[in-house]
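Here are some friendly notes for anyone opening this structure for the first time. They deal with how the two chains meet, point by point.

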Amino acid sequence: MIEVTSDWYLTLSAILFSIGFLGMMVRKNALIMFMCIELMLNAVNLTFITASKHLGSVDGQIAVFFVLVVAAAEVVVGLAIIVSIFKKQESASVDMLSSSKG
Amino acid sequence: MIELLLFAIPASLLILGALIVVFAKNPVHNAMGLVLTLTSLAILYITLNATFVAMVQMLVYAGAVMTLFLFVIMMIGVDKPEQTKEQIKGQKLLISGTLILLVSIVVFISLQNGLNWNLLFPQSEISLEGTPAILASALFTSWVFPFEVISILLIVATTAAIALAYEFKQSSDND
């Protein structure tokens, strides 16, 4: 009989984070890169929830709550930036963003 | 047995969805892969007794955030095929090196002692149910200040998004 322990969830979370990191490095479309950031944030959330279960404390779930809100705010601002970039250069590729340096 | 299936099925769907997010060519498919990932994560949260967070995950992430993503994809249109030519010299080499390092660390730690992370604290005896009542009693007592700050953050983010996306036509004509 195999028992599902916290370690399994932590491994899954590490795998999810690695996939998100891979996407962040490989893709060049700003939208897809944003989705990969979401993947990484969710991997961290899974770690928090696992810790909350493991330690029997509610604080991990509260932290996930705050991460969720910050992620939502970040997506709102990021997508607005992508839209305004797209209006200027007709593409969402990050390679042509060198114009935005100061 | 049921416990194992409740972990294995969402976990495999989660990894499948994440791979779709990274490797699909059509942005709409990427978004659907993200929906699959977020939904299976919500199922995993339920298996971890965090029912309220699972519901919020479905509403906020799979609902609101994904709608926003799909709106922007529709607005931008399905983009031209991505340039795969590397702009920075040795970029691919660096990426694969970092990834191999990351993955090997994960595999090494996981397989050491058979998937045992040697966690510092033993599994707690308390089995906590993440119901709204329990979460609220923590959120509105010891976490009430961060909670208020979060509301300011949301207003700032909304204002910033409007300021970024709105075209101020008249003022640019006058200037």
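1. In this predicted model, 71 residues of chain A and 83 residues of chain B take part in the contact between the two chains.

2. How much area is buried between chain A and chain B? The value comes to about 7,200 Å², and carbon and sulfur atoms account for 76% of that. If you would like some residues to look at on the chain A side, try M35(A), H54(A) and F66(A): together they provide 9% of the area that chain A buries against chain B, more than any other three residues.

3. Now for the polar side of the story. Six residue pairs, with both partners at pLDDT 80 or more, are in polar contact between chain A and chain B. Salt bridges across this interface number zero by the rule applied.

4. Which helices of chain A should you follow? Helices α1 (6-26), α2 (30-55) and α3 of chain A each give at least two residues to the side that touches chain B. The largest share of that side is from α3(A), with 23 residues. Sorted by class, the side of chain A that touches chain B holds 46 nonpolar, 15 polar and ten charged residues.

5. A good pair to view is α2(A) with helix α2 (residues 27-47) of chain B, whose axes lie 11 Å apart and pack at an angle of about 5°. Since angles under 35 degrees count as roughly parallel, α2(A) is therefore roughly parallel to α2(B). On the chain A helix, the residues in this contact include M35(A), L39(A), L46(A) and I49(A); on the chain B helix, L34(B), L38(B), L41(B) and Y45(B) are among them. The residues of the contact of α2(A) with α2(B) comprise twelve nonpolar, five polar and two charged. M35(A), met here in α2(A), is also one of the three residues named in point 2.

6. For another arrangement, turn to helix α3 (residues 59-89) of chain A and helix α5 (residues 132-139) of chain B: their axes come within 10 Å and cross at roughly 80°. That angle means α3(A) is roughly perpendicular to α5(B). Here Q61(A), I62(A), F65(A) and F66(A) in α3(A) meet L135(B), A138(B) and L139(B) in α5(B). Six of the residues in the contact of α3(A) with α5(B) are nonpolar, one is polar and none is charged. F66(A), part of this contact, is again one of the three residues picked out in point 2.

How values were computed
Residues numbered from 1 in each chain as written. Chains lettered and ligands numbered in written order. Predicted model: local features only at pLDDT ≥ 70, side-chain atom pairs only at ≥ 80, totals over all residues. Heavy atoms only, no water. Axes fitted to C-alpha atoms, helices over the stretch in contact; angles between N-to-C directions. Helix = DSSP H or I, 4+ residues; strand = E, 2+ residues; numbered from the N terminus. Parallel < 35°, antiparallel > 145°, perpendicular 65-115°, else oblique. Contact = heavy atoms within 4.5 Å. Nonpolar A, V, L, I, M, F, W, Y, C, P; charged D, E, K, R; others polar. Buried area = accessible area lost by both parts, 1.4 Å probe. Salt bridge = Lys/Arg side-chain N within 4 Å of Asp/Glu carboxyl O. Polar contact = N/O pair within 3.5 Å; in protein donor to acceptor, adjacent residues only side chain to side chain.
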